[in-house]
Amino acid sequence: VDESPDSKLIVALQGGDNHAFERLVREYSPRMLATARRLLSDETEAQDCVQEAFLSAFRAIGQFEHKAALATWLHRITINAVLQKLRKEQRQREESIEPLLPQFDQNGRREEPCWGFSQSVEQIIEQQNLRELVTAKIAELPDQYRIVLVLRDVEGLDTREVAGALGVSESVVKTRLHRARSALKTLLHPLWKEIRQ
Amino acid sequence: MSRLKQLVEIIKRWLLSLRRRNISCAEFEGFILAYLEGNLSTRQQSIFEFHLQACPHCQNYLEAYRRAVAISKKVFEFPHAPVPKEVPEELIQAILRARAG
């Protein structure tokens, strides 16, 4: 018999225990809100999606089969709620990302200083406040680029899934992903040291 | 054809093939995503890598690009992504009310 705290909570939820529902919301809503915020820059929209996700979870809790961890299941439901919102709205607003993209001279040569990488990615990850810095930098990306970056690189959806979710072609997803990564690279420059050449 | 003419022909063809393989940094930029995803043809990959070997700026750029991707993936890796310390109480109450209603 599975005696994990999640398992007890699920049994209580499936039995309709009101305290269990409140515990579920208090325990898991911060992580779900963080997920929604990464994809939606509007706070009200992010909160709406979390609410929508919980209502879907409440409806489906009877069929929850312990195959996935509760957190993973709720995460997936949150992503689906956000995707549904994005599909419904078909955002067309174009925001410029040009200032963050690489620049080239008239002969197509790169115009950018070289960077020194004294620390490995693993060492950088250990830095204090790195998560906050990266979260803030990703939030600076225009919506259409941030959404593709988060769905592909963070949530692990493939190009076809992202294209389907957003109602755009795969080539649009690829272009946006490359531009979003290039722009994020520029925004993360404080993490490495400039080398004058 | 004299040996000299043959040699000149060979050198000309070699120089031409070099020129065809020589892309600019701006053109290189357009290949990066497909290269990292393994979607370049053999010929495209050889052109890409030819430029990469010869251009320290693109080597440095690609390294920074790879790092930015790796860092964003690592930072948000489930379930280690940063979470807010608090969720607005109004949201919690709205969710619980919606369930009851």
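User: What makes the radius of gyration of chain B differ from that of a compact globule of 101 residues?

Analyst: This is a predicted model. A compact globule of 101 residues would come in near 13 Å, but chain B has 27 Å. The globule value follows from a rule, 2.2 Å times the number of residues to the power 0.38. Chain B does not fit that rule, so it is not called a compact globule here. The spans of its C-alpha trace can be set beside this: about 95 × 25 × 20 Å along the principal axes.

User: How do you know which elements chain B has, helices or strands?

Analyst: A helix needs a DSSP run of at least four residues, and a strand at least two. Chain B has 6 helices and 0 strands. From the N terminus on, the order is therefore α-α-α-α-α-α.

User: Why are 35% of the residues in chain B called buried?

Analyst: Buried means under 20% relative accessible area, so the 35% are residues of chain B that fall under that cut-off.

User: What makes the set of 91 residues a nonpolar core?

Analyst: Its members count because they are buried residues of nonpolar kinds such as Leu, Phe and Ile, joined through side-chain atoms within 4.5 Å. The largest such core has 91 residues. Among those with the most contacts inside it are Phe54(A) and Ile71(B). Helix 4 of chain A, residues 70–89, gives the largest share, 10 residues.

User: Which residues does Phe54(A) touch, leaving out those up to four places away in sequence?

Analyst: Leu24(A), Val25(A), Tyr28(A), Ser29(A), Met32(A) and Ile95(B). They count as touching because contact means heavy atoms within 4.5 Å.

Terms used
Residues are numbered from 1 along each chain as its sequence is written. Chains are lettered from A and ligands numbered from 1 in the order in which they are written. This is a predicted model: local features need pLDDT of at least 70, side-chain atom pairs count only at pLDDT 80 or more; totals for chains, interfaces and linings use all residues. Side-chain values use heavy atoms; hydrogens and water are left out. Buried means under 20% relative accessible area, exposed over 50%, partly exposed in between (1.4 Å probe, protein chains only).
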